[in-house]
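Trainee: Could you take one part of this structure and walk me through it closely? Then please carry on from there to whatever sits around it.

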Amino acid sequence: MSIKQRFEIPSGFRMWSMGLMIIGIASLIIGYFVYGSGTEAQQTRFWAALLQNSVYFLLVVNAAMFFFCAVTLAWGGFQMAFRRVTEAIAACVPIIGGITFVILMCLVAGHKTFMYEWLDKARVASDPILNGKKGFLNPTFFIIWTTLTIGLWTVLGYKMRSLSRELDNHRPTVEEGKKYIWKNTVWAAVYIFWFALTVASTVPWLWLMSISAHWFSTMYSWYTFASTFVAGVALITLFVIYLKNKGYLEYVNKEHLHDLGKFQFAFSIFWTYLWFSQFMLIWYANIPEETTYFRPRFEGAYTGIFYLNLTINFLAPLLIYMRSSSKRNYTTLTFMSVALLFGHWLDFYQMVFASLIPDHVPMNIFDFGIAAGFVGLIIYQTGNVLAKFPLVAINHPFFKESIIHYT
Amino acid sequence: MAIKRFVVGSFLEESVLFPAVKKVRLAGYKIHDVYTPMPIHGLDHAMGLRETSLHTAGFIYGITGTTTALSGISYALLYDWPLNFGGKPHFALPAWIPITFELTVLFSAVGMVLTFCYLCQMAPFVRKHHFNLRSTDDQFTMVIECTPRTNETEAQAFLKSVGAIDIHIQNAETGWWLGTYSKNIPTVDNAKTILV
């Protein structure tokens, strides 16, 4: 069977991604003049939107990287039919990582104490709680750790992607194949290790939780990870369905999409589990220093978003994805993937904004404009990388396993 | 519970079994079941089995568990004996979620296991006829049910032509029964494989 190995970017694809990016840049410029150069309250609103969107989309594309590394580490063969798609999404990490890095550096080096109150040395010295967290929440550690995080994600991502292309023009012997799998496993393990030290523990504390520096939750990072992993798998699903509809990825069948649907379903439940564990303990213990976090969210301006978040990210996947036929149907998969990407964006929205602007919800077209810019960037970069390299790694030792995949 | 007549054939290779299943179905024979030592992906599709409704049963058991937990707790804490726990409202839904979740899982898990046992007609201390004991070890056994229209000689010859070995005819009980293998089943006359 001959297969289409080259993705040719349709003109509409390029136009849409460019258009979205232009909307993003225009929003950024207009937003800077409307909010970014105004009073402190307006500046908070400007930087909060940038922080929320950049961190969210960075963690989402990085979740695609986590997806294929975790599956590689587990010697999962089913991913090989669409592995190049996850790799192409992961190729967005350097670019969005760079943008996020610039934004975070503007916040920390720019001494924006209205975003991160622990930047203010005088306040830290007089505040026993902030003083106690000084070893972790300080500009030097923040800058070093952020640089290391994004830098190593980029380097390890580059390594994994070039490893994947190693066999493109060469069918390995059994011995070579074994060595190749082992090498992949080791590098995937290195990445997973670094992922555990960053996304699964420190980075969400550092980038997002330190906005409300007096409050803390050990569940926070896992909860953030679950959120972005669901969204990451949703993004992979959307690209796979798009390519299928365009006639590419001939070897991907409903079984593979069923697996992606199962991942979305399972990790939506996992997200709810973490969300609820964080919420219930705080609600039940009712200690004032802990409940401050949920005050604006649970019974304040953000109550609507609080319940909408739970509806989109828990109830909808639970009820819609429960039947196996809906995990195999392109329409429900597309609908739910878009809904989950938006739902977890909303989750990040309340994580950032309800801490910074607790008295009202300032959501307007500016937030969606910035989000559109990032979406356009992901579409543009993923499309380019997809077009640059063969779409299917046909010489990979596990490739046959992926074709005869049955569930 | 019924005694039926079967043509039994065994296979040594999975790669022979799959085309054989397809050919036997195409030839119009009624496959009673295929017994394999390990689960084989795609065999259910090849045999044309319908999708199992076990998960629908699981869902029903699950919501039964949810309802039981929620109604039990709310009866106890709202009507029978309302207590004040640290100033929380009597209808303290978040605190009930863990128990609700656990009862949901418990009901659906136990219910599905029992349903599974019933559907397969296999359970501890209950007997069921084995067509070929080696199908628990290293052989794949295909069992064709003889209908009034089946020509047994032809069926055996056909099984041989698709690569089966050790082809023979058995009269066997299809359901499960309480008792022993040896004495209490006088109905199985040609009980070649009943060894226990």
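Mentor: A:Gln43 counts as partly exposed, because 17 other C-beta atoms lie inside 10 Å. For that label, C-beta atoms are placed from the backbone; 20 or more others within 10 Å make a residue buried, 12 or fewer make it exposed, and anything in between is partly exposed. Keep in mind that this is a predicted model: local features need pLDDT of at least 70 and side-chain atom pairs count only at pLDDT 80 or more, while totals for chains, interfaces and linings use all residues. As for the names, residues are numbered from 1 along each chain as its sequence is written, and chains are lettered from A and ligands numbered from 1 in the order in which they are written.

So where does A:Gln43 sit, and what does it touch? It belongs to helix α2 of chain A; helices (H or I, at least four residues) and strands (E, at least two) are DSSP runs, numbered from the N terminus. Leaving out residues up to four places away in sequence, A:Gln43 touches A:Tyr35, A:Gly36, A:Gly38 and A:Phe114. A contact here puts the two C-beta atoms, placed from the backbone, within 7 Å. By comparison, A:Thr272 is 229 residues along the chain from A:Gln43, with 33 Å between their C-alpha atoms.

Now follow the helix itself. The axes of α2(A) and α14(A), residues 330-356, come within 10 Å and cross at roughly 145°. Those axes are lines fitted to C-alpha atoms, for helices over the stretch in contact, and the angles run from 0 to 180 degrees between N-to-C directions. The crossing is right-handed, meaning that the near helix is turned clockwise from the far one by less than a right angle (anticlockwise would be left-handed). On the α2(A) side you'll find A:Thr44, A:Ala48, A:Leu51, A:Gln52 and A:Tyr56, and they meet residues of α14(A) including A:Trp345, A:Phe348 and A:Tyr349. The residues of this contact divide into nine nonpolar, two polar and no charged. In that count, Ala, Val, Leu, Ile, Met, Phe, Trp, Tyr, Cys and Pro are nonpolar, Asp, Glu, Lys and Arg are charged, and the others, Gly among them, are polar.

Go on along the chain to the loop between α2 (40-73) and α3 (83-90) of chain A, and you reach A:Trp75. Its phi is near 55°, a positive value in a residue other than glycine. A:Trp75 counts as exposed, because it has 12 C-beta neighbours inside 10 Å. A:His111, in the loop between α4 (93-109) and α5 (121-126) of chain A, also has a phi near 55°. A:His111 is partly exposed, with 13 other C-beta atoms within 10 Å.

Finally, glance over at the other chain. Where the chains touch, seven residues come from chain A and six residues from chain B. The chain A side of that contact has six nonpolar, one polar and no charged residues.

Chain B has an open sheet of four strands, antiparallel, in the order β2-β4-β1-β5; strands pair if DSSP finds at least two bridges between them. Strands β2 (30-35) and β5 (165-173) of chain B stand at the edges with a single partner each, so one side of each has no neighbour in the sheet.
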